[in-house]
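Me: I'm in my first year and still learning to read protein structures. Could you take one small part of this one and walk me through it slowly?

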Amino acid sequence: QVQLVQSGGGLVQPGGSLSLSCIASGTIFRINTMGWYRQVPGKQRELVATITAGGRTNYADSVNDRFTISRHNGLNTVYLEMNSLKLEDTAVYYCKANVVHSWAGDGSAYWGQGTQVTVSS
């Protein structure tokens, strides 16, 4: 019913910057919280940042002051600007959206396909 398509990411040297975007499409009445998560092999997926429909943000301590999450409600899009990247930021990054399908309030959480971010010298 809903698809999240990610773009961006890639390879960057330590201290560099990258950006990610995620566009939601399909049966969407409203999107509540949107967010970014990341996962490295052998570890659980972890929260990077979230943003509510009203713009309230929350960040993991490890990325606070380096990453910025934003969204465009009219475009059903969430962004992640990543600055001062570190080796330990290397991971597959996933976007997530809590989507409401209709005025009745039915909805679900959806994930993007994942995007590799590699920080390496």
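Reply: Let's start with the side chains of Asp89 and Arg38, which meet in a salt bridge with N and O 3.0 Å apart. Keep in mind that you are looking at a predicted model. Asp89 lies in the loop between β8 and β9, while Arg38 belongs to strand β4, so this pair ties together parts that are 51 residues apart in sequence. Side chains of opposite charge can pair when their charged atoms come close.

Are these two residues buried or exposed? Both Asp89 and Arg38 are buried. Asp89 has a relative accessibility of 0%, so it counts as buried. For Arg38 the value is 7%, which also makes it buried, because the cut-off is under 20%.

Now stay with Asp89 and look for another partner. Its side chain also meets that of Arg66 in a salt bridge, at 2.7 Å from N to O. Arg66 sits in the loop between β6 (57-59) and β7, and Asp89 in the loop between β8 and β9, so this pair ties together parts 23 residues apart in sequence. Arg66 is buried too, with a relative accessibility of 10%.

Next, go back to Arg38 and follow its other link. Arg38 forms a salt bridge with Glu46, where the closest N and O atoms are 2.7 Å apart. Glu46 has a relative accessible area of 37%, so it is partly exposed.

Put the pieces together and you have a network of salt bridges linking Arg38, Glu46, Arg66 and Asp89. The count of salt bridges in this model comes to 3.

What else can you find around Arg38? One residue in contact with Arg38 is Tyr93. Leaving aside neighbours within four places in sequence, the contacts of Tyr93 also include Gln6, Leu20, Tyr37, Val48, Phe67, Leu80, Met82 and Val117.

Tyr93 takes you from the charged network to the largest nonpolar core, which has 30 residues. Within this core, Trp36, Leu80, Met82 and Tyr93 touch the most other members. Several strands supply at least two residues each, among them β1 (2-8), β4 (30-39), β8 (77-82) and β9 (91-100). Which strand gives the most to this core? That is β9, with 5 residues.

If you would like to trace this on screen, begin at Asp89, go to Arg38 through their salt bridge, and then step across to Tyr93 through its contact with Arg38.

Technical notes
Residues are numbered from 1 along each chain as its sequence is written. This is a predicted model: local features need pLDDT of at least 70, side-chain atom pairs count only at pLDDT 80 or more; totals for chains, interfaces and linings use all residues. Side-chain values use heavy atoms; hydrogens and water are left out. A nonpolar core is a set of buried Ala, Val, Leu, Ile, Met, Phe, Trp, Tyr and Cys residues joined through side-chain atoms within 4.5 Å. Buried means under 20% relative accessible area, exposed over 50%, partly exposed in between (1.4 Å probe, protein chains only). Helices (H or I, at least four residues) and strands (E, at least two) are DSSP runs, numbered from the N terminus. Contact means heavy atoms within 4.5 Å. A salt bridge is a side-chain nitrogen of Lys or Arg within 4 Å of a carboxyl oxygen of Asp or Glu.
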